[in-house]
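Thanks for coming. I will take one structure today and go through a few places in it, one after another.

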Amino acid sequence: MVIFDSRGSETVEVELVSGNISARVGAPSGKSRGAKEVMPFPENDARKAVQAFNTVLKQRLLGFDASDQRGVDELLKKVDGTENFSRIGGNLAYAVSAASAVLAARAQNIPPWAYIARLSGLKPCYPLPLGNVLGGGAHAGEGAPDIQEFLVFPQHVANVVEAVKCNVEAHRRLGRILLRKVGGFGGGRGDEGAYAPPLDDEKALEAVKEAVEGLNQGLGLDVAASNMYNTERDRYVYRNRGVEKTAEEQLEYIAGLVERFGLAYVEDPFHEEDFESHRRLCKMFPRLLVCGDDLVVTRARLIGEAARKGSVRAVILKPNQVGTISDTIAAAVEAERNSIVRVVSHRSGETCDGFLAHLAVGLGATFIKAGVLGGERVAKANELIRIYGQHGESLLLAEVGYA
Ligand code: PGA
Ligand code: ZN
């Protein structure tokens, strides 16, 4: 059925039933989407996805074995028949694929994370929350920073509950600092619950750095540079500041921020075709987690390419970028094969679904990037806490290899 996401846009939710067991998964929606992602909905319309479900999919799913994940995912591709899920929509494909995994897990009486771990063969662990505390770009209004996300993550914490608490504390402290220091700022937040103050990128980073003082947290950015990039002029346009940069100037600027603020993580610092500049940034900072989102869009083939070229040390995994659990697992396995850090991520338009936490644990992700505050963000953190409540120290907390 059609439901609303956190932005109030329509998206889809799927419920699959087998005997007296059922599983329901809602699909999120991105705003800062990569060009190589699958189509979220047929003709951009969530209602058309539901129509497609009723007319071409439902009948074929009846009686299907949910524990055959590959079979379900192949069926989704076959029924769609396009390269990019443009007929049924990647969001519908994702919701069916994930609901099937949850249903199979329930039928086998194991938690969804354990089912995903079994399918992937990866070692499950509790991921560290990578939290967006301040934002701009496509996720906020005019005057906010041009960089999309300013991120924090806990280092040296005892467990995943402490890790979540650490990010919440950073978000809270940052709010107090911004209200005190930024004239006219009333505490407004962007799409992911991160503060959206009228500051330039550097002033924003200074505020975040001040907020994490004494908290022992790592700092990062999601530049989301494809959104800034003007293909015709071959320039990065910092719209809110009225500045343009060439690729060379962009590299210098990002490198300057990494040095000045001691950043540990930088996502999408260059546009989605520029493997070479990503490689140069990796080379300049041997320990920096240069992370590909739009660059690799959860596709195993592109992750392999980025790894061969030395362009990334981390990759974002957003299951609805590719549409199925099987392909998300393939992307995670390809990352593991190349010693690339996995970051399982929400979208800016989210639902209160907690499945993402299970996916992150089951894929042995180092990070889960799911925001800090707002019901739809906290839903993922709370699901992690529930998993910890049930399984305690039988799973380990991820460690950051590079930071
Ligand atoms: P989204 O992007 O708005 O497409 O979810 C978030 C991100 O760039 O990580
Ligand atoms: Zn991103």
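Which side chain does the side chain of T298 join in a polar contact, and at what distance? The partner is Q321, and the contact is 2.6 Å. Keep in mind throughout that this is a predicted model.

To place T298: look in the loop that runs between β12 (289-292) and α9 (300-308). T298 has a relative accessibility of 0%, so it counts as buried. The contact with Q321 is therefore made by a residue classed as buried, given the cut-off of under 20%.

Next, the ligand. Where does ligand 1 sit? It occupies the second largest cavity. There are 14 residues around ligand 1, and those that come nearest are K31, S32, H139, R347 and S348. As for the make-up of that shell, nine of its residues are charged, five are polar, and none is nonpolar.

Now some distances, each to an oxygen atom of ligand 1. For S348, an N or O atom of the side chain is 2.5 Å away from such an oxygen. For K369, the corresponding value is 3.0 Å, again from an N or O atom in the side chain. For E267, a polar side-chain atom lies 3.4 Å from an oxygen atom of the ligand. How much of the ligand's surface does the protein bury? Taken alone, ligand 1 exposes 280 Å², and 100% of that is buried by the protein.

Last topic, the backbone. Most residues other than glycine have a negative phi. Two residues here are worth pointing at on the screen.

One is F85, which is not a glycine and has a positive phi, near 55°. You will find F85 in the loop connecting α2 (69-80) with α3 (90-107). Is F85 buried or exposed? F85 counts as buried, because its relative accessibility is 4%.

The other is D234, also not a glycine, with a positive phi of about 50°. D234 belongs to the loop between β8 (229-230) and β9 (235-238). Its relative accessibility is 40%, which means that D234 counts as partly exposed.

To put the loops side by side: F85 is in a loop between two helices, α2 and α3, while D234 is in a loop between two strands, β8 and β9. T298, where we started, is in a loop that leads from the strand β12 to the helix α9.

That is what I have for today.

Technical notes. Residues are numbered from 1 along each chain as its sequence is written. Chains are lettered from A and ligands numbered from 1 in the order in which they are written. This is a predicted model: local features need pLDDT of at least 70, side-chain atom pairs count only at pLDDT 80 or more; totals for chains, interfaces and linings use all residues. Side-chain values use heavy atoms; hydrogens and water are left out. A residue is near a molecule or strand if one of its heavy atoms lies within 4 Å of it. A polar contact is a pair of N or O atoms within 3.5 Å; within protein, one must be able to donate a hydrogen and the other to accept it, and residues adjacent in sequence count only if both atoms are side-chain atoms. Accessible areas come from the Shrake-Rupley method with a 1.4 Å probe; for residues, only the protein chains shown count as cover. On a 1 Å grid over the protein atoms alone, a cavity is a set of points where a 1.4 Å probe fits but cannot get out, and a pocket is an open set with protein on both sides within 12 Å along at least five of seven lines; lining residues have an atom within 4 Å of a point. A molecule sits in a cavity or pocket if more than half of its atoms lie within 2 Å of its grid points. Ala, Val, Leu, Ile, Met, Phe, Trp, Tyr, Cys and Pro count as nonpolar, Asp, Glu, Lys and Arg as charged, and the others, Gly among them, as polar. Helices (H or I, at least four residues) and strands (E, at least two) are DSSP runs, numbered from the N terminus. Buried means under 20% relative accessible area, exposed over 50%, partly exposed in between (1.4 Å probe, protein chains only).
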